[in-house]
Amino acid sequence: MEPPKRIQLIDPGPLLRWLETSPKSVSLSDIEIAEIWALVALGALARREQAHALEVVPAPTSPSSRFAYAVGLDDLVQGKPQVSRGEPGRTHKLTRIVKFEHIERNADEISKLLIPDDRQRDTQRTLYYVIVELLRNALQHSRDKLGGVIAAQRNDRGRNWNKPVIQVAVADTGIGILEHLKTSHPQLQDAQEALDKALWPHVSGTFEFGLTGTAENAGMGLFFIAEMAKLTAGTLVLASRGATLLLDGDPEFEGHHRLEFVQPRGTGYPGTLVAFELPTDAVEDYNALIERIRELARERTPRRATHRWMRYEPPPADAQEFLVNVGVEDTKKAMQVATETLIPWLVQRRTIVLNFRGMEICTQSYLHALLFEPLRMAWALRIPIYVSNVQPGVRSNLELLENYALGG
């Protein structure tokens, strides 16, 4: 079986079906068009440190081979650091991400490189959010010792001449979504069911729909990204071992989204591959976008919390202030702060003020790790936690966290 000639996100099936045959090599001379998500998919499988690595054969006269060279496929395969990060406003080269502390730095770099115009700040912030969530999932859940592979591209030609988009993709060669979810949901046996559930709030993490979370994971990342695709008329491809889900947001914004599994049944990816396309002019208000997704999550989550223990009014004069400064969104460090600082303060019945000064973006996963257990402790001791200097998008995520943390 030969690889497809044209590999585009609107039709991911041909490449994924070909990869299901476990090819030993691929010649780029056989491929006419390869978007960045395809090179991420191939590059993750071609990393030389892993057993049975896919061999990628270059072809100097092939357009796809020239593009692959320009975005650093050779360096990625060989484990060499990139000399440059990419072309401003066009591409970000294929990059390995292995450490959590590198996630936010790369997300910031990619979002600003691909969207350098400050007038599109809200699109930039949305892209940043997507990248952080995708990389965190790859590092936290895949068990791939080589980490994740990421790259991004601005597409404004060919099929995108009248709808420019930013395409970003992350891939790993780990255990896949079904195996990850089975650790906490052993009744799951079907890869398609696992992918479907992964797009619901509070399922892709460590607990079932309708139950509260754990300190490890909020289970909200893929839900937020899927809803972003719907609300921006974007595209999401979620491919893992045994299944691939394709979501196209309705370009008329009337709710008629395309959501389907790639056929035949069983078509997947040897690990997990997530590709996301964001129209460059689709996000005019990042905070409003996050707020709308929060509302959607609340609609699909049993709401049992009737008394609010997170307050946004001025705190008492003797309150103990904690400055939330997310230079690196390290969820393990956030859990450590919760355990070693916030909870002991609450046990001593000291009133806490969380100061979010200067923070425009804070992902649900980080807030969950920092505040899930302290919120439960505040409820048990009947001690409110005060919040100051919080941006609307961050406040929306805090309110969502309180809804499910105090459930049950």
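**Group meeting: sheet, cores and pocket**

Let me start with a helix: α11, residues 331-347, lies across β14, β15 (352-355) and β16, and runs at about 160° to β14. Before I go on, please keep in mind that this is a predicted model.

So what does α11 sit against? The strands β14, β15 and β16 belong to an open sheet of four strands, in the order β13-β16-β15-β14, with parallel pairing. The edge strands are β13 (310-311) and β14 (320-323), each of them pairing on one side only. If you zoom in on β13, you will find it paired with β16, residues 385-388, in the parallel sense over two bridges. Arginine 311 stands opposite tyrosine 386 of β16 there. A second helix, α12 (residues 364-381), lies across β13, β15 and β16, and its direction is at about 130° to β16.

Now to the packing. Which residues have the most contacts inside the largest nonpolar core? They are Leu236, Phe276, Leu342, Leu354 and Phe356, in a core of 86 residues. Helix α6, residues 121-141, provides the largest share of this core, with ten residues. Apart from this core lies another one, of 38 residues, including Leu9, Leu16, Leu19 and Val149.

Leucine 354 is a nice residue to click on. Leaving aside neighbours within four places in sequence, leucine 354 is in contact with Phe322, Val324, Leu342, Leu371, Ile385, Tyr386, Val387 and Ser388. Tyr386, you may recall, is the residue opposite arginine 311.

Next, please move over to isoleucine 103, in helix α5 (residues 103-114). Is isoleucine 103 buried or exposed? Isoleucine 103 counts as buried because its relative accessibility is 0%. Not counting residues up to four places away in sequence, isoleucine 103 touches Ile97, Val132, Leu135, Arg136 and Leu139. Take valine 132 from that list: 29 residues separate it from isoleucine 103 along the chain, yet their C-alpha atoms are 6.2 Å apart.

Last stop, the largest pocket, which holds about 550 Å³ of space. Its lining is made up of 23 residues, and those nearest the centre are Phe67, Arg90, Gln153, Asn155 and Arg157. Two or more lining residues come from each of β3 (33-34), α3 (63-70) and β7 (148-155). Which element gives the most to this lining? That would be α3, with five residues.

That's my tour; thanks for listening!

Key
Residues are numbered from 1 along each chain as its sequence is written. This is a predicted model: local features need pLDDT of at least 70, side-chain atom pairs count only at pLDDT 80 or more; totals for chains, interfaces and linings use all residues. Side-chain values use heavy atoms; hydrogens and water are left out. A nonpolar core is a set of buried Ala, Val, Leu, Ile, Met, Phe, Trp, Tyr and Cys residues joined through side-chain atoms within 4.5 Å. Buried means under 20% relative accessible area, exposed over 50%, partly exposed in between (1.4 Å probe, protein chains only). Contact means heavy atoms within 4.5 Å. Two strands pair if DSSP finds at least two bridges between them. Axes are lines fitted to C-alpha atoms, for helices over the stretch in contact, and angles run from 0 to 180 degrees between N-to-C directions. On a 1 Å grid over the protein atoms alone, a cavity is a set of points where a 1.4 Å probe fits but cannot get out, and a pocket is an open set with protein on both sides within 12 Å along at least five of seven lines; lining residues have an atom within 4 Å of a point. Grid points are joined across faces, edges and corners, and a volume is the space filled by probe spheres set on the points.
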